[in-house]
Amino acid sequence: MPHWIAAGECALSLYCAATLKDRRHVVKSLIDGARSRFNVSYADVSPKAEDMSGVRLGFAACGSARAELEERMRNLEKYLSQREENDGEFELIDFTWEVIAYGDLSYTEDQ
């Protein structure tokens with residue numbers, strides 16, 4: 001029985017991130033909300049540059065049902081869009097995601 005992995009990436013432009021502290025505040029707020037609502041792991045995959053306004057976040061989740069993970073990623077995208085509209089701290093430039101089958105993990109357990 002295959003297990004499913006969802007991976008997503010979003011690009012954000014922060015409006016008021018003049019310092020690293022400002023950037024971290026906005027990113028932490030988004031991440032905390034996403035983790036508590038959607039049970040996803042994340043990574044800040046932004047290029048290390050002097051520009052504090054550009055952010056790229058990667059998200060990942062795993063599960064036993066493809067449909068559940070697809071719904072979770074769609075809801076994560078909606079959450080980010082709603083935060084964009086309500087908070088006004090950032091612009092959601094792009095959000096892409098995919099769900100893939102990992103394979104039968106029981107094979108490796110038998111070995």
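**Strand pairing, core and cysteines in a predicted model**

Tyr-42 stands opposite Phe-59 in β3. This pair belongs to the contact between strand β2 (residues 41-44) and β3, which pair in the antiparallel sense over four bridges. The model is predicted. Strand β3 also pairs with strand β1. Ten bridges join β1 (residues 2-14) to β3 (residues 54-63), and these two strands run antiparallel. Within β1, Ser-13 stands opposite Gly-54 in β3. Strand β3 thus has bridges to β1 and to β2.

The overall arrangement was examined next. The protein holds three helices and four strands. Along the sequence they follow the pattern β-α-β-β-α-β-α. The C-alpha atoms fill a box of roughly 55 × 25 × 20 Å along the principal axes. The protein has 111 residues, of which 33% are buried. Among contacts with a separation of 6 or more, 72% join residues 24 or more positions apart.

The segment before β1 contains Met-1. Met-1 has a relative accessible area of 65%, over the 50% cut-off, and is therefore exposed. From Met-1 to Leu-76 the C-alpha separation is 26 Å, across 75 residues of sequence.

Helix α1 and the loop that follows it were considered together. Arg-35 lies in helix α1 (residues 20-38). Its relative accessibility is 46%, so Arg-35 counts as partly exposed. Leaving aside residues up to four places away in sequence, Arg-35 touches Val-40 and Tyr-42. Tyr-42 is the residue that stands opposite Phe-59. The C-alpha atom of Arg-35 is separated by 17 Å from that of Glu-84, a residue 49 positions away along the chain. Asn-39 sits in the loop between α1 and β2. Its phi is near 50 degrees, a positive value in a residue other than glycine. With 61% relative accessibility, Asn-39 counts as exposed.

Helix α2 (residues 66-87) has 22 residues. At 1.5 Å a residue it should span 32 Å, and its end C-alpha atoms are 31 Å apart, so the two values agree. Several residues of α2 are buried: Leu-69, Glu-70, Arg-72, Met-73, Leu-76, Tyr-79, Leu-80 and Arg-83. Two of these, Glu-70 and Leu-76, were followed in detail. The side chain of Glu-70 makes a polar contact of 2.8 Å with the side chain of Arg-66. Glu-70 also touches Trp-97 and Val-99, not counting residues up to four places away in sequence. Under that same exclusion, Leu-76 touches Ala-34, Phe-38, Phe-59 and Phe-95. Just after α2, Gly-88 takes a positive phi of about 70 degrees.

Leu-76 also features in the nonpolar core. In soluble globular proteins, nonpolar side chains tend to be buried together. The largest nonpolar core here has 27 residues. Those that touch the most other members are Cys-10, Leu-12, Leu-57, Phe-59, Leu-76, Leu-80 and Phe-95. At least two residues of this core come from each of β1, α1, β3, α2 and β4 (90-104). Helix α1 gives the largest share, six residues. Two of the listed core members, Leu-76 and Leu-80, are among the buried residues of α2. Two others, Phe-59 and Phe-95, are among the residues that Leu-76 touches.

The cysteines were then inspected. The structure holds zero disulfides. Cys-10 is in no disulfide, and its nearest cysteine sulfur, that of Cys-16, is 18 Å away. A disulfide requires sulfur atoms within 2.5 Å. At 18 Å from the closest cysteine sulfur, in Cys-10, the sulfur of Cys-16 is therefore too far for a bond. The two residues also fall in opposite accessibility classes. Cys-10 has a relative accessible area of 0% and is therefore buried. Cys-16 has a relative accessible area of 63% and is therefore exposed. Cys-10 is one of the core residues that touch the most other members.

Terms used
Residues numbered from 1 in each chain as written. Predicted model: local features only at pLDDT ≥ 70, side-chain atom pairs only at ≥ 80, totals over all residues. Heavy atoms only, no water. Expected span 1.5 Å × (residues − 1). Buried < 20%, exposed > 50% of the residue type's maximum accessible area, 1.4 Å probe, protein only. Pairing = 2+ DSSP bridges. Contact = heavy atoms within 4.5 Å. Core = buried A, V, L, I, M, F, W, Y, C linked by side-chain atoms within 4.5 Å. Polar contact = N/O pair within 3.5 Å; in protein donor to acceptor, adjacent residues only side chain to side chain.
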